[in-house]
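Trainee: Can we go through this one together? I'd like to start with what the words mean.

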Amino acid sequence: MKYISTRDSTQSVSSAQAIVRGISRESGLFVPETLPRLSGRDFAGLLADDYIGRAGKILSRFLTDFTDGEIKSCVNAAYGSGKFPQGNPVPIVKLAGGVRMLELWHGPTCAFKDMALQLLPRLLTVSMGKEAPGKEIVILVATSGDTGKAALEGFADVPGTRILVFYPQDGVSNVQKLQMTTQDGANVSVMGVRGNFDDAQTGVKQIFTDPILNARLAEKGLMFSSANSINWGRLVPQIVYYISAYLDLVKMGDIAMGDKINICVPTGNFGNILAAYYAREMGVPVGMLICASNENKVLADFIRTGIYDRRRELVLTTSPSMDILISSNLERLLFSLCEGDSDAVSAMMSDLAGSGVYTIPAKAKEKLGELFWGGFCTEAEVMDTIKETFEGQNYLADTHTAVALRVHGQYVRETGDTTAALIASTADPFKFAPSILTALTGKASEESEFGQIAALEKIAKRKAPIQIGALKNKPERFTGVVDKHEMARALRRF
């Protein structure tokens, strides 16, 4: 299995090289030359496996320069270490009307990012041994909330690594901020950015491709890599849980092998739903991929029109991990829709950087409409959905998951399609307790953050995860804030 760049398909690297580099020299993203296909026999074999067994077999199709022993060791360390529920780290909960919630947030930081970021440090360590032995790697992360903490947790005190996380100072929840700024580890640092997530993400990409900075690092035996989903090693573990979830639905008797399902994902940077798309291309019977946006509906507009236009004001919402106007992973889908035409993708990315807008070719738009349906919901609709789902079905959804629930309902009403649906539930609701409490009570509370968590515990009749409650008395280690043009200077200090 070789990997090529979305902006220069003549580049060809191994999976270890793709994971170590994170991004190609001309800022393209690495994608497999061809996606592996799963046969009926493959699905039958995977059906009998547990999650760890399935992950090992699926990853071996993508990481062909890893030994079976290396893959097994990485997967066992990530998912068999007691940080996830035993047996199945991604349980499925049934709701009414054929809706199934794929709960992806049972890991150490209570967000779906754990599923990839407990595995990525292991994959990166093995890759470094193959491609850059003796070098130390500097992990750069731009986060809209959840990726930062999950990456810090995954890389804290991992030998041969340092990690620096940038987050929008006013663009994450208080719990998300505390999770990052109180992080333990001798090799970690966190920095707020005066700006939004797109500013932080753009800054990280510019640092990655800065020849002077890269040369300075090389002189010191250091090199850059990324824990964002621009890194293939972050994305490939997410493919696993969609394949595994389909098999779990078969084992539960909800569907028969071969039946189609729809998948609805709340997304801002497009990585999570892209993983579902790749699972579909590998052979999972998926009917429609439903892309759920909040009021920052750049993706919903794109899917409906074929025009990507970031020329709008970013809205700060109660689902901050989706407050994004430049969806990096969409570039990988464009490469697929344009049948591997890296020149076309490069031109569109140039247009996006220059004028802030691009239009995909007519043929690509037709394919897009066959695969994806896009919708969005307002803040008021998010609040209503949280309250209705809790009171009607005794299910407490976080703000991001509520976006997906609402948009899936829109899809059913608009299309009449009642195919069984798998909805990605992406975060524990206690990470966003003030918003959830407001939705359930109809008014904003004047209690402290942790007072509101306690109030939500009483209403939900369950305890908040211990790792969230523990933040109350944990001292903040990282309080620095920089302007977006100062990010490279902050990196040099680190």
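Mentor: Buried here means under 20% relative accessible area, and exposed means over 50%. Keep in mind that this is a predicted model.

Trainee: OK. So why does C377 count as buried or exposed?

Mentor: C377 has a relative accessible area of 1%, so it is buried.

Trainee: And C74, buried or exposed?

Mentor: C74 counts as buried, at 3% relative accessibility.

Trainee: How far is C377 from the nearest cysteine sulfur?

Mentor: That sulfur belongs to C264 and is 9.8 Å away, and C377 is in no disulfide. The disulfide count comes to zero.

Trainee: What is N294 in contact with?

Mentor: Leaving aside neighbours within four places in sequence, N294 is in contact with T317, S319, M322, D323, F376, C377 and V403. Two of these also show up as polar partners through their side chains: the N294 side chain makes a polar contact of 3.0 Å with that of T317, and one of 3.0 Å with that of D323.

Trainee: Where does N294 lie, then?

Mentor: In the loop between β11 (286–293) and α13 (298–305). N294 is a loop residue, yet at 1% relative accessibility it counts as buried.

Trainee: Changing topic. What is the strand order in the open sheet?

Mentor: The order is β9-β6-β7-β8-β16, five strands with parallel pairing. β9 (222–226) and β16 (481–483) each have a single partner strand, so they stand at the edges with one side lacking a neighbour in the sheet. On average, neighbouring strands are turned by 30° against each other, direction ignored.

Trainee: How many bridges join β6 to β9?

Mentor: Five, and the two strands run parallel. For a register point, L140 stands opposite S226 in β9.

Trainee: Which strands does α7 touch?

Mentor: Helix α7 (residues 146–155) packs on the sheet and touches β6, β7 (161–168) and β8 (188–194). The direction of α7 makes about 165° with that of β7.

Trainee: Now α11. Why is it said to be largely enclosed?

Mentor: Because 19 of its 21 residues are buried, α11 is largely enclosed by the rest of the structure.

Trainee: What span should α11 have?

Mentor: At 1.5 Å a residue, α11 (residues 232–252) should span 30 Å; the end C-alpha atoms are 31 Å apart, which agrees.

Trainee: What caps its N-terminal end?

Mentor: N231 caps α11 there, with a side-chain oxygen 2.8 Å from the backbone nitrogen of G233. Just after the helix, G253 takes a positive phi of about 85°.

Key:
Residues are numbered from 1 along each chain as its sequence is written. This is a predicted model: local features need pLDDT of at least 70, side-chain atom pairs count only at pLDDT 80 or more; totals for chains, interfaces and linings use all residues. Side-chain values use heavy atoms; hydrogens and water are left out. Helices (H or I, at least four residues) and strands (E, at least two) are DSSP runs, numbered from the N terminus. Buried means under 20% relative accessible area, exposed over 50%, partly exposed in between (1.4 Å probe, protein chains only). A polar contact is a pair of N or O atoms within 3.5 Å; within protein, one must be able to donate a hydrogen and the other to accept it, and residues adjacent in sequence count only if both atoms are side-chain atoms. Contact means heavy atoms within 4.5 Å. Two strands pair if DSSP finds at least two bridges between them. Axes are lines fitted to C-alpha atoms, for helices over the stretch in contact, and angles run from 0 to 180 degrees between N-to-C directions. A disulfide is a pair of cysteine sulfur atoms within 2.5 Å. The expected span of a helix is 1.5 Å times one less than its number of residues.
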